[in-house]
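Me: I'd like to go through some of the terms used for this model with you. Could you show me the structure, please?

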Amino acid sequence: MESELLIFSGNANRELANKICQYLDVPIGTALIGRFSDGETRIEIESNVRGRDVFIIQPTCRPANENIMELLIMIDALRRASAQRITAVIPYYGYSRQERKSTPRTPITAKLIADLLVSAGVNRILTIELHTGAIQGFFNLPVDHLYSKPVFVEHFAKMKLDNPIIVSPDAGGVERARAVAKVLGCGLAIVDKRRDRPGDSQVMNLIGDVRDKTAILFDDICDTAGSLTSAAAVLRENGALKVYAAATHGVLSGPAINRLNDSCIEKLFITDTIPLTEEASKCSKIEVLSVSELLGKAIRRIHNSDSISNLFI
């Protein structure tokens, strides 16, 4: 396997790429990734990729525009260098929150990014916890959509929480939260909220009984932390003993860290799909769980043409 598999990484999350390569016991491909004097992205693939099965690890997180351009240019360079197959490993798929026209005269950026990736020459996509599963249909090529549930479930099981209950912070995340609750064998509650504009939400109702229970808020993205912190306050008001939170993608922008520090959330568990900012890395309430093994298993099975369906849980 190692003789034909080659892994490259952009600058978005080098640490995660190194962990994946360490798990697979393969060296990371060498490439020059820099900037021209005017700020344009400069890419030069230095490893021989002719006839190779190539994987590029690059989440399209902050700075999103730069990381997306790096990914697109790397795909183009690899295609022109005669790589046999190019798989874009995008742990965090940026621009995914505009996946439909919710109001008039708005773009569908998730589809736009998909079109750009296909036009650049990618052959396959591997990603984790899309904002909505329907984004897979924006690609006319194979998309392997993994879920972070196994990583979180394993961690929660080790914590041996007293009388846990999984809580969805909004109606849209009920299916995700229910899947975790089912594996842990615990109850489910739902926070009903209204969102007037991005980053601004108001809790309206709590569906379910959290009294004398340890609540775990489970979401896909934690951006400004407004939804999670306001939901946590409601859970405590309704009798929850402790409140934890978990989110696959720790965007953590704007007032997120201040909100977390001031909240009743005991711990926020996130994965390393997005590297922490310097401010976030100093926050004692944040704990990072790695998805490197999950992605490594998927990469190995894709390369060997093995089934990865048991990872889609």
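Me: What makes β4, helix α2 (residues 64–80) and β5 a right-handed unit?

Reply: Happy to help! A crossover is right-handed if, with the strands pointing away from the viewer, the path from the first strand over the helix to the second runs clockwise. β4, α2 and β5 make a β-α-β unit of that hand. Helices (H or I, at least four residues) and strands (E, at least two) are DSSP runs, numbered from the N terminus. This is a predicted model, where local features need pLDDT of at least 70, side-chain atom pairs count only at pLDDT 80 or more, and totals for chains, interfaces and linings use all residues. Residues are numbered from 1 along each chain as its sequence is written, and side-chain values use heavy atoms, with hydrogens and water left out.

Me: How do you know that β4 and strand β5 (residues 85–90) pair?

Reply: Two strands pair if DSSP finds at least two bridges between them. β4 and β5 have 5 bridges, in the parallel sense, so they qualify. One bridge partner is T87 in β5, for F55.

Me: And which strand pairs with β4 over 5 bridges, with L6 opposite V54?

Reply: That is strand β1 (residues 5–9), again in the parallel sense.

Me: Why is strand β4 (residues 53–57) called mostly covered?

Reply: Buried means under 20% relative accessible area, exposed over 50%, partly exposed in between (1.4 Å probe, protein chains only). In β4, 5 of its 5 residues fall in the buried class, so the label fits. D53, F55 and I57 point one way and V54 and I56 the other way, and all are buried.
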